[in-house]
Amino acid sequence: MLDMQGILKEYRPLQMFSVDVCEKSGDEYIEYLNEYNFTWQPEPKDGGIAQLFTGEEPLTFHGKRSDPLAVKALKAKLGNNPLRLPVISFCWGQEQSIMLSNKIADDIYFSPILGVTRTPATIIDATKQTRSGYTVFSFHKVFSYARVESRLADVPVAQRLMIRIQLTAHKSMYLVHQSLLTRWQAAGVTELAYDFDNQSLNLKQLIKKGSYTSSAGYQTFDSLADYQKCKLT
Amino acid sequence: MFNENLYSICQNDPEVQQALKALGSYDNPCFVLVCSKAKRQQLHSAFTYGATYAEMALTELIALAPNTQLLLVEGEYSEIKILVDATLEYLKENNQLTWMAVFRHNPIGQPSDTLRWNVTQLQQLIADNRLHSRIALNDYTDRQNWPGIKQYREYDQVEGNEQKRPSQTAEQPKAKPSLFSRMLSKIFSHAASTENEHEAPYLQQANALLTFPLNDELIEVAPFIYYLPAGDKLWHYVLTGENGDTLREQDLLLNLDHVLVALHAKQHAPAFFQRICCAVATSGFPEQSEIQDMLDCIFEGLSDKLLKTQESHQQKQGCYLRILDIFYHLLDQTPFNEAIYEQLVEDEDTACLNFETYKQRFIPPESVNDELNVRQEQAMTELLDDLESVHGLDYSILKRITRLRSETRNVCDPNLWQLQGNPNEGLLAAMMLAMDKHENVHDQHSQALLQLIDQHLLSAILDNISAELKPKSTLPKVVKVWLEQADLEAVNAKQIAVELSACLELENSHKQIQSAQPKYELLSSISDFHMLLATCYWRSLANPTSLTQRVIALFLALAPQVTLSNFAQFYCNRYNGFVTPRLQQDFYQSLQHYNVSEPDLFAFKVRYCQQYDMAEYLVLIAAYFQSEPAQRQYLEQGILRLRPICYQQFFADVWRMNPSYIFTSAHEYVDIFQEIHRHALRCDDEVFATHFTKEQLLCVDYVESIAKQYQLPIKLTAATRVMPRDTNFTVLRYQKDHLELLIDSPNRPFDRNEGFLNVLSVVILAPDVTDKAVFSLIDLPPLETRNEVITQSLTQYITGNITFSDYQHATKNYIDSKVYSLDIEGYNRDVGNILPIILTTQDAAKQLRLISILTSHPVRGKYVLNDICLELYLDKIFQAGHITLDERHAIRRKDLNDAARKELATLQKKTTKQLATLHGVGDAIC
């Protein structure tokens with residue numbers, strides 16, 4: 001972040017795009033996919049939906065969206081082709097947990113100071129297919145930037161690639177090391193923003209502003225086929 | 001008889017789980033567990049009887065075990081009480097031993113928790129009443145009779161303790177034994193469990209090294225600490241205080257931030273983990289910051305045992321502080337919350353550090369060179385946020401400001417505040433400026449604070465007042481000029497208040513009533529003006545200006561009690577009044593700068609002392625009673641500007657202490673009954689319907705709720721008429737395959753083309769109801785007329801000019817007497833309550849007549865009478881000198897001993913008999 005002096009100057013915000021796939025069919029539009037198809041939650045337990053996971057056991061997740069008609073339409077449209085899933089996306093709630101494909105999760109390590117647990121995950125996707133090979137990172141701790149600078153400066157970069165930073169008493173954001181963002185960009189991860197305006201890179205301003213969103217906006221697709229090919233409008 | 005596996009049965013019963021899942025986030029039904037020897041059919045009959053009595057609809061009972069059923073019931077406390085009382089009476093009359101446990105579900109909690117507590121409640125009920133049918137009712141909506149949930153949470157923790165027995169190998173979890181058997185095994189095998197626990201190495205160590213006996217809370221947290229990295233050294237440090245330097249030098253404390261508190265607790269100290277989860281009260285896994293926020297709650301028991309004790313005081317304090325050292329480092333050296341700071345530094349009973357030693361031990365050194373560090377900035381943001389709800393503040397806000405000022409003078413620099421031009425900034429500045437004055441500080445920051453306040457105060461005040469005027473009103477020029485011109489004295493504030501009062505918008509609850517103290521929107525609890533008023537007060541404490549003096553004088557004249565409360569709250573604890581006698585003195589001393597009138601000050605003290613200072617309250621009562629009539633009248637100018645609940649209680653208490661005193665507000669019963677009847681008035685359709693018998697009246701309901709069998713085509717007839725005035729209902733007559741339209745609405749007529757009703761509700765009559773019977777009612781009196789009839793009849797009856805029968809005959813169709821209660825939902829609290837009128841009426845016949853109205857419903861009236869008789873009885877024993885005034889206000893029915901209950905029952909019987917002669921045989925109403 002541009003206004004930081006220590007290790008945090010090497011970090012950038014984690015901002016994710018939401019997906020919107022709306023296809024015209026005759027006079028109507030079918031919304032095949034929206035952001036809630038890729039916002040993950042486990043089965044409710046004791047009347048509540050967990051947002052933090054401990055890594056003690058594997059869990060199954062499904063998207064927040066529950067629309068039987070959309071499921072039917074998706075299945076009919078996709079046929080036997082598996083639905084393209086994001087390699088990185090948030091779990092439902094206050095963004096305490098992030099779902100990652102093992103392709104990218106396996107390369108990320110965390111110092112225990114960061115308080116991150118890893119939970120093996122299976123996804124039931126929007127077509128009700130079971131998809132394995134995912135991991136949920138749960139960030140149990142939130143750090144002030146002062147604490148990061150004082151405590152993590154001596155931790156190797158490879159063990160602090162993602163940090164959850166406190167903005168206000170109730171709001172936090174994720175910072176990702178530039179090297180990891182570069183790696184993801186080179187690997188073709190399209191779900192993230194890689195360019196930022198100066199305002200987004202001024203951490204103290206973000207703290208003072210008090211309101212923050214990790215959303216980078218929408219990626220819209222004119223058809224499901226375009227979405228599968230990742231062909232933006 | 002109690003099924004030990006009951007909760008387990010519930011967890012596995014699909015019908016139960018379905019019912020729990022169906023509960024929405026606003027649903028708060030009562031869970032009713034019934035254990036009875038009655039057969040299911042008989043139970044069904046009993047509940048049908050109870051439901052009829054309570055006029056409620058019920059769902060089916062869920063059979064859990066041969067003798068145990070579950071029911072979820074929606075309804076208010078009073079309805080539920082009638083339901084279960086009546087159901088139990090039915091079963092008792094049929095000699096069926098029955099226990100009923102009723103637990104209200106709080107929608108902010110988990111249904112599974114409520115069910116578990118309901119099971120615990122039933123188990124306890126049976127255990128305590130093996131030979132008698134009984135009901136246990138736990139309903140948080142009845143705050144006066146709510147046993148609370150503390151005991152159930154404690155039972156949960158017992159369950160947690162039982163699960164703590166460690167299994168060293170990874171095994172499949174075994175089926176849980178029932179709660180009851182776990183509790184029994186805990187109680188009866190305590191000796192064995194104690195022996196097992198004391199074999200644990202950390203407890204052996206504790207017994208050997210501690211200079212005081214182990215307590216439960218230490219035992220609970222011991223494995224958590226012992227199994228941390230270098231846990232044996234940490235535990236030794238906690239027990240003895242030794243090797244603290246070594247721990248720090250080797251970074252053993254610092255590196256505790258490698259551990260996740262909740263996960264570690266779950267794995268090594270399940271009982272402590274349960275305590276964390278209960279304190280954090282989250283449905284999922286607790287986040288570390290949540291544990292940080294609730295640490296004082298998590299350690300409440302521990303701090304009670306280690307800080308609030310005289311025995312081995314220093315050793316215990318030291319032990320507690322060392323445990324905090326560990327958690328401070330576990331939680332990334334984040335400073336503790338306000339509650340822990342106060343506990344360690346400020347609370348007289350528990351303080352063991354001064355600010356400097358606290359800062360050294362529990363506030364991290366600055367690592368980045370900021371004028372305000374992140375935590376201080378956040379604290380400032382939170383302060384400013386909290387000051388916006390100025391109506392809910394208390395002394396703690398001053399403590400927070402003081403604490404921040406001790407950390408750094410920079411917090412007093414408004415240039416570091418991210419100013420947005422809001423009134424909370426001016427208030428904070430004024431409070432800091434007053435503190436500067438008190439501490440004799442005057443630097444560039446003081447100057448900046450002064451500028452910030454004075455720059456915008458007048459314009460903010462004028463803008464705020466102008467925004468809360470009656471529609472189409474403007475601020476009178478005389479008021480504006482008076483506030484603006486600096487050279488005017490604050491002598492005619494009262495006259496200005498009169499001018500302002502005429503144009504200020506009133507709160508809705510005050511628009512239809514006459515009151516000595518109007519309630520203005522400008523001073524409503526959510527109004528921003530409170531911030532400006534408080535700013536004037538604090539600015540004036542720093543250095544009075546003519547503006548602040550004029551504003552305070554004006555509002556002391558316009559709304560003295562609200563203004564005084566605005567100032568006093570900063571000297572008080574939210575629930576306990578003035579924090580210390582010194583602060584109380586400071587507050588009253590601060591008022592000497594303003595002309596607070598004697599009546600207003602007297603009234604303020606009455607209001608305060610009613611809640612917090614009985615001794616002084618008695619002095620005030622005596623001072624009032626012993627005054628000359630002119631002085632009494634003078635004081636009443638202030639007293640009658642209090643809320644009715646306050647002044648009614650005051651005058652009632654004056655009467656209690658001096659039975660010769662005549663209650664001055666006795667004439668208000670008319671206004672009070674108008675408010676009661678506002679809730680009890682029947683709508684046009686109900687009034688119409690009450691003229692028919694149960695057999696003649698098939699339906700009176702909203703159009704969209706009409707029962708399926710009546711959803712028939714509607715046909716006009718030659719006889720169809722139109723109501724002579726605007727109405728929102730239609731009268732129909734059932735004819736097997738269609739409905740005849742008898743009376744249509746003139747303003748919402750039946751749509752003949754679409755066959756569509758445009759009204760809100762319908763009255764559907766049986767086929768044998770004649771046209772004559774229907775049309776004789778077509779000239780239904782409008783609401784205003786009905787209201788007048790009720791008021792006139794009421795006054796005639798209360799003054800003894802007509803009988804109850806005459807009164808009822810005149811009003812029975814207009815009033816739903818089921819609504820009568822001492823606590824009506826939605827009742828306008830600014831009108832006053834009927835109970836003090838009843839209690840202090842010295843004319844026994846008139847008193848009985850007042851009671852007779854409230855108790856006139858054949859079913860609910862009994863419960864209202866019970867409540868009234870309790871109050872009459874308490875006044876009786878107070879007058880006999882058996883209880884103090886304090887006790888008179890505090891005693892509830894459950895506090896009465898057997899002898900008192902017998903006496904109360906006698907009074908109830910006597911009053912019931914007296915009422916029976918008044919009520920006579922009333923006319924039956926549908």
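In what order do the five strands of the open sheet in chain B lie? In this predicted model, the order is 2-3-1-4-5, and the pairing of the strands is mixed. Strand 2 (62-65) and strand 5 (134-138) of chain B stand at the edges with a single partner strand each, so one side of each has no neighbour in the sheet. On average, and with direction ignored, neighbouring strands of this sheet are turned by 20 degrees against each other.

At one edge, strand 2 of chain B pairs with strand 3 (residues 68-73) of chain B in the antiparallel sense, over three bridges. Here Ala65(B) has Thr68(B) in strand 3 of chain B as its bridge partner. Helix 4 (residues 77-93) of chain B packs on the sheet, where it touches strand 1 (30-36), strand 3, strand 4 (98-104) and strand 5 of chain B. The direction of helix 4 makes about 170 degrees with that of strand 4 of chain B.

Chain A offers examples of both kinds of pairing. In general, strands of a sheet pair through backbone hydrogen bonds, either parallel or antiparallel. Strand 2 (residues 16-25) of chain A runs parallel to strand 12 (residues 215-221) of chain A, with six bridges between them, and Val19(A) has Gln219(A) as its bridge partner in strand 12. Strand 2 of chain A is also joined to strand 3 (residues 28-33) of chain A, in the antiparallel sense, by five bridges. In this second pairing, Glu23(A) stands opposite Ile30(A). Strands 2 and 3 of chain A form a hairpin with two residues between them, and Gly26(A) in the turn has a positive phi of about 70 degrees.

The two chains meet in a contact that takes 25 residues from chain A and 23 residues from chain B. On the side of chain B, helix 5 (111-128), helix 15 (288-293) and helix 21 (374-388) are the elements that give two or more residues. Helix 21 of chain B gives the largest share, five residues. By type, this side of chain B divides into 12 polar, six nonpolar and five charged residues.

What about the interior? The largest nonpolar core has 96 residues, and among the members that touch the most others are Met99(A), Leu175(A) and Val221(B). Helix 18 (residues 313-330) of chain B supplies the largest share of this core, nine residues. Leaving aside neighbours within four places in sequence, the contacts of Met99(A) include Trp40(A), Phe61(A) and Tyr134(A). A second, separate core of 81 residues includes Ala553(B), Val562(B), Phe604(B) and Tyr608(B).

How values were computed
Residues are numbered from 1 along each chain as its sequence is written. Chains are lettered from A and ligands numbered from 1 in the order in which they are written. This is a predicted model: local features need pLDDT of at least 70, side-chain atom pairs count only at pLDDT 80 or more; totals for chains, interfaces and linings use all residues. Two strands pair if DSSP finds at least two bridges between them. Helices (H or I, at least four residues) and strands (E, at least two) are DSSP runs, numbered from the N terminus. Axes are lines fitted to C-alpha atoms, for helices over the stretch in contact, and angles run from 0 to 180 degrees between N-to-C directions. Two residues are in contact if their C-beta atoms, placed from the backbone, lie within 7 Å. Ala, Val, Leu, Ile, Met, Phe, Trp, Tyr, Cys and Pro count as nonpolar, Asp, Glu, Lys and Arg as charged, and the others, Gly among them, as polar. A nonpolar core is a set of buried Ala, Val, Leu, Ile, Met, Phe, Trp, Tyr and Cys residues joined through C-beta atoms within 7 Å. A residue is buried if 20 or more other C-beta atoms lie within 10 Å of its own, exposed if 12 or fewer, and partly exposed in between; C-beta atoms are placed from the backbone.
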